[in-house]
Amino acid sequence: FGFILLLYFIYGAAECGFKKRLLAGMGAVQFSSEIAQKLPSSQKNNFDNTDELRQQAKALANQVQSLQQLEQLNPQEEQLLSDLKSELAEINKLGKKALAKAQRFASSIETILPEAIYSASQTAKQAISNIGETLNSFGWGSETGQLTQAGSFEDKIKLAQELSNNAKLVRIALIAGRMKQLAAKKQRTKTNNVPQEPYTVEMGNNLNRVLPSELINLAIPELRPLFCKSYSENSLLQYRLRGFDTTVRGPIVICLDSSGSMEGDKEEWSKGVAIALLHVANSQKRDCCILHFDKEVRRIDDFSKGQIDTLKLKNSMLSFYRGGTSWQKPLDSAMEVIESSQYSQADIILITDGECAVESEWLEQFLEKKKEKKVNLFAVLLGCTESTELQKIANQTIVLNSSSHNELMQLSEKAKIEEIFTI
C-alpha cells in the first residue's frame with residue numbers, strides 16, 4: 001500500500017521538478033509510516049499462511065480427483081481416498097477459519113482507517129512543510145538561493161535526507177523561515193525611495209498600479225459592480241514593482257558566538273538569523289561570510305554574492321565549539337574580510353550572549369578602521385543586560401532579554417529583531 005502510494009505521489013508530481021517530487025516522495029513515506037504505526041499488526045494475529053493452505057488443498061483435490069476417475073479401487077486405494085478426503089476437509093476447515101480471522105481483522109481496520117488516514121495526512125502535511133522550509137532555508141529551490149552542488153541523483157537525495165532528518169537543522173531552518181519574513185518586511189520598507197519599474201502582474205487592489213484593462217470595467221456603468229467586486233476581493237490585475245538600488249556595497253560578515261553558554265536555544269536562534277542574513281546578502285548580490293568564534297576564530301565560511309552552497313551551509317550550521325568568549329579576534333577577522341574586498345559600506349553582525357573586555361589600544365585601532373571602511377556594526381546581545389563594551393564598538397546594540405527563541409519571537413521582541421535586517 002505504501003509503495004503504491006509513494007509511486008503515485010512521485011509520478012503524479014513528475015512535471016513539478018526535482019524538489020517537489022522529492023517532497024512528494026518524503027510525504028508519501030511519512031504518510032505510509034504513520035498509517036503502518038496506527039493500524040493493528042497482522043503479525044500479532046498469527047494468521048495462517050493462506051497461500052500455503054490453498055496449495056495443499058489444490059494438491060489434495062487433484063489426488064482425490066485422480067483416484068475417483070479410476071473404474072475400480074482396491075482396498076488400499078479406497079483407504080487412501082478416504083484419508084485424502086479427510087485431510088482435504090481438515091485443510092478446508094483451516095482455510096475457512098483463516099478467512100474468518102482475516103475478515104475480522106479487515107473489519108477492525110475499516111473502523112479505524114478513516115481516522116488513521118486523516119491523522120497520517122496531517123502528519124505528512126506538517127512533515128512536508130518542515131522539510132520544504134528546511135530545504136528552502138538551506139538554499140535548495142528558494143527564490144534567493146540555489147543548490148550549487150553538482151552530483152548524482154542519489155547524492156542529492158542523501159543530502160536532502162540529512163537536512164530533514166537532523167532535528168537541530170530543522171529547528172534552525174524553521175527559525176530562519178520566520179526571520180526571513182521579518183527580513184523581507186524590513187527590506188521592503190527600505191526600497192520605498194528607490195526607483196522602481198513594473199516587471200510582472202499580480203492580483204490586488206492598489207489603484208495606482210491597476211492595469212488599464214481593469215479600469216475599463218470601472219468606466220462602463222454595467223461593468224462597474226464587477227470592478228467593485230474584484231476590488232473588495234483584492235483580485236484586480238495590477239503591476240508588481242521592483243526597485244533597483246545601484247549602490248554597490250561591501251560584504252556582510254556574521255560573527256556567531258560559539259561559546260558554551262550559547263548552546264541550545266540561543267545557538268539555534270543565532271544560526272536562524274545567520275541564514276536569513278545570508279538570503280538578504282543573496283538578494284543584494286553581496287558577499288557574505290559566516291564566522292564562528294569562542295576565544296578564537298574557529299571556522300569561516302564564505303558565500304560569494306550570497307550564493308548558497310547547501311552542503312557548506314549545512315556543515316557551517318552543525319559547527320559548535322563550546323569555548324570561552326573573546327570579541328577582538330573575530331572582529332579583527334571580520335575586518336580582514338572587509339579590507340580584502342574592493343567595496344566599502346560593509347556590515348558586521350555580532351551575535352553573542354556575554355560581556356567581555358576589550359583592550360583600549362585595540363579598540364582605538366578597530367574604530368579607526370571601521371570609520372575608514374564605512375563599516376556598520378550591529379551587536380545583538382542575547383539574554384542579558386546592556387553591555388558598555390559593545391556600545392563602544394557597535395553602531396547599534398540590540399539587547400534581547402530572552403534566552404528562548406520562542407520568546408524571542410514574541411511581539412515585544414520582534415521590533416528589535418527587525419532592526420538586524422536594516423542592512
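**Exercise 1. How many bridges join strand β6 to strand β7, and do the two run parallel or antiparallel?**

Conventions come before the solution. The model is predicted: local features need pLDDT of at least 70, side-chain atom pairs count only at pLDDT 80 or more, and totals for chains, interfaces and linings use all residues. Residues are numbered from 1 along each chain as its sequence is written, and side-chain values use heavy atoms, with hydrogens and water left out.

*Solution.*
- Locate the strands: β6 covers residues 347–352 and β7 covers residues 376–382. Strands (E, at least two residues) and helices (H or I, at least four) are DSSP runs, numbered from the N terminus.
- Check the pairing rule: two strands pair if DSSP finds at least two bridges between them.
- Read the result: six bridges join β6 to β7, and the strands run parallel.
- Take one example: Ile 351 has Val 380 in β7 as its bridge partner.

**Exercise 2. Work out the strand order of the sheet, and state which strands stand at the edges.**

*Solution.*
- The order is β5-β4-β3-β6-β7-β8. These six strands form an open sheet with mixed pairing.
- β5 (297–303) and β8 (396–400) are the edge strands. Each has a single partner strand, so one side of each lacks a neighbour in the sheet.
- Neighbouring strands are turned by 15 degrees against each other on average, direction ignored. Axes are lines fitted to C-alpha atoms, for helices over the stretch in contact; angles run from 0 to 180 degrees between N-to-C directions.

**Exercise 3. Which strands do helices α9 and α10 touch?**

*Solution.*
- Contact means heavy atoms within 4.5 Å.
- Helix α9 (residues 265–283) packs on the sheet and touches β3 (252–257), β4 (288–293), β5, β6, β7 and β8. The direction of α9 makes about 175 degrees with that of β3.
- Helix α10 (residues 310–318) also packs on the sheet, touching β4 and β5. Its direction makes about 155 degrees with that of β5.

**Exercise 4. Find the residues that touch the most other members of the largest nonpolar core.**

*Solution.*
- A nonpolar core is a set of buried Ala, Val, Leu, Ile, Met, Phe, Trp, Tyr and Cys residues joined through side-chain atoms within 4.5 Å. Buried means under 20% relative accessible area, exposed over 50%, and partly exposed in between (1.4 Å probe, protein chains only).
- The largest core has 49 residues; Met 179, Trp 269, Leu 313, Ile 349, Ile 420 and Phe 421 touch the most other members.
- Helix α9 gives the largest share, nine residues.
- Follow Ile 420: leaving out residues up to four places away in sequence, Ile 420 touches Trp 269, Val 273, Leu 277, Ile 349, Val 380 and Ile 398.
- A second, separate core holds 25 residues, including Cys 255, Phe 293, Leu 381 and Ala 394.

**Exercise 5. Which parts of the chain does the salt bridge of Glu 296 and Lys 329 tie together?**

*Solution.*
- A salt bridge is a side-chain nitrogen of Lys or Arg within 4 Å of a carboxyl oxygen of Asp or Glu. The whole structure has 18.
- Glu 296 and Lys 329 meet at 2.9 Å, N to O.
- Glu 296 sits in the loop between β4 and β5, Lys 329 in helix α11 (residues 328–339), so the pair ties together parts 33 residues apart in sequence.
- Glu 296 is partly exposed at 33%, and Lys 329 is partly exposed at 40%.

**Exercise 6. Is Asp 301 buried or exposed?**

*Solution.*
- Asp 301 has 6% relative accessibility and counts as buried.
- Arg 299 forms a salt bridge with Asp 301, with the closest N and O atoms 2.7 Å apart. Arg 299 is partly exposed at 24%.
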